[in-house]
Structures are given as C-alpha cells and as structure tokens.
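Student: I would like to take a close look at how one aromatic pair is described, with its surroundings in the rest of the model. Please explain the reasoning step by step.

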Amino acid sequence: MINLYDEDANVIGEVTRERMRAEDLWHGCATIVVLSLDGRRVYVHRRTDTKDAFPGLYDCTAGGVIDAGETPDEAARRELREELGAQSPVEFLFQTTYVGHGTRYHAWIYETRTDGPFTHQPEEVAWGGWMPLDELRGKIDDPGWALVPDGRVVGQEWLRLRDA
C-alpha cells in the first residue's frame, strides 16, 4: 500500500501500487540526488529491465514511491538504503510536481553526499557509477540520452536551483 494524495499534496488515503498505476492516481515520491563528498560527481544508475516504470533507462537520482503511513523524509532514507545501500543523511531541498508519461506525483527532492560504498538492489538497479557534474549538465538536456523522463525534469530543476 502507498499514500494516495490529492492535487495539493495532501494525503487523502491509501491505495495499492497497481491501482495507482492503472488509474494514474496522484501519489508521492521521495527523490535523492547523490553527490560525491567533494560535490563534483553525481551517482547515476541504470534501472533494471523489469522495473514497472521506465525499465532499462538511466536515472540521476535514487528514490521511489512513498509507502502508506510514511513521511517523505522517511521514504527518502528508506529508498536510499534500499536502492543503493547508503545510509548517509539526506537534506530536503524542494518540492515539485511531475505530470507526464502516464504518471502524476508530488516529488520531495533531497540531496546527500557520500562516496559510498554502494550495494545495489538487484531488482531495481542494473548498473551504477559516478558521472562528473559537468557531464551530467550536458547529458541531461540531450533527448538522445536514455534518461527517465521524470528524472530529466527533476534533474534540470535541481541544476537550475543549484546554479542560482
């Protein structure tokens, strides 16, 4: 079960993940940008081909759907631990909304700094590695780079705020 949200990011109930996907219901996601300790690299990973959303594509964030009864902060720490095996502190940056590609959700964006090590969740992460921040800046705007569409939008917003 996951939290069901309204358009204004208020929790209004619980729903199964399957129903949320089938009916394109509002849900919440915690998203974490993983920076190296020196802040010059971003951890990027490729999703497994069996993921229910955007299989096989690259992602410049870790994260996922907020479980029923869970806060965004709790979800961010859980997702970081589950996907990458990292337990570094997360810092909330901003909240945004994503609508597109058959999904709509409220996203709580976090950042963490760690040099790892990382232990990938085999059901979700096929590969992961560091990408220099300057390289990510170039690739994130390249429609030919196989990046998850929501990660592209969130990543662009994160970079804009970072550069401001």
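**An aromatic pair and its setting**

Tutor: Y110 has a relative accessible area of 1% and is therefore buried, since the term applies to values under 20%. Please bear in mind that the model is predicted.

The structure holds eight aromatic pairs. One of them is formed by F92 and Y110, with 5.5 Å from centre to centre and 70° between the planes. Two values are given because a pair of aromatic rings is described by the distance of the centres and the angle of the planes. The centres must lie within 6.5 Å for rings to pair, and an angle over 60 degrees counts as edge-to-face; the pair of F92 and Y110 is accordingly edge-to-face.

Consider next where the two partners lie. F92 belongs to strand β7, residues 91–100, and Y110 to strand β8, residues 103–113. The two residues are 18 residues apart, and their pair links distant parts of the chain. Their exposure may be set side by side: Y110 is buried at 1%, whereas F92, with a relative accessible area of 40%, is partly exposed.

Aromatic residues also form a cluster, made up of Y43, F118 and W130. The ring of W130 has a charged group over it: the charged end of R41 sits there, 4.5 Å from the ring centre.

Another arginine, R78, lies in helix α2, which spans residues 72–84. With a relative accessible area of 11%, R78 is buried. The side chain of R78 makes a polar contact of 3.0 Å with that of E79. If neighbours within four places in sequence are left aside, R78 is in contact with V65, I66, D67 and E70.

Finally, consider the cysteines. A disulfide is a covalent bond between the sulfur atoms of two cysteines. The structure holds zero disulfides. C29 is in none, and the nearest cysteine sulfur, that of C60, is 14 Å away. Why does C60 form no bond with C29? The sulfur of C60 is 14 Å from that of C29, its closest cysteine sulfur, and this is too far for a bond, because a disulfide requires the two sulfur atoms to be within 2.5 Å. Are these cysteines buried or exposed? C29 has a relative accessible area of 8% and is buried; C60, at 2% relative accessibility, also counts as buried.

Technical notes. Residues numbered from 1 in each chain as written. Predicted model: local features only at pLDDT ≥ 70, side-chain atom pairs only at ≥ 80, totals over all residues. Heavy atoms only, no water. Helix = DSSP H or I, 4+ residues; strand = E, 2+ residues; numbered from the N terminus. Buried < 20%, exposed > 50% of the residue type's maximum accessible area, 1.4 Å probe, protein only. Polar contact = N/O pair within 3.5 Å; in protein donor to acceptor, adjacent residues only side chain to side chain. Contact = heavy atoms within 4.5 Å. Phe/Tyr/Trp six-rings, centres within 6.5 Å; stacked < 30°, edge-to-face > 60°. Lys NZ or Arg CZ within 6 Å of the ring centre and 35° of its normal.
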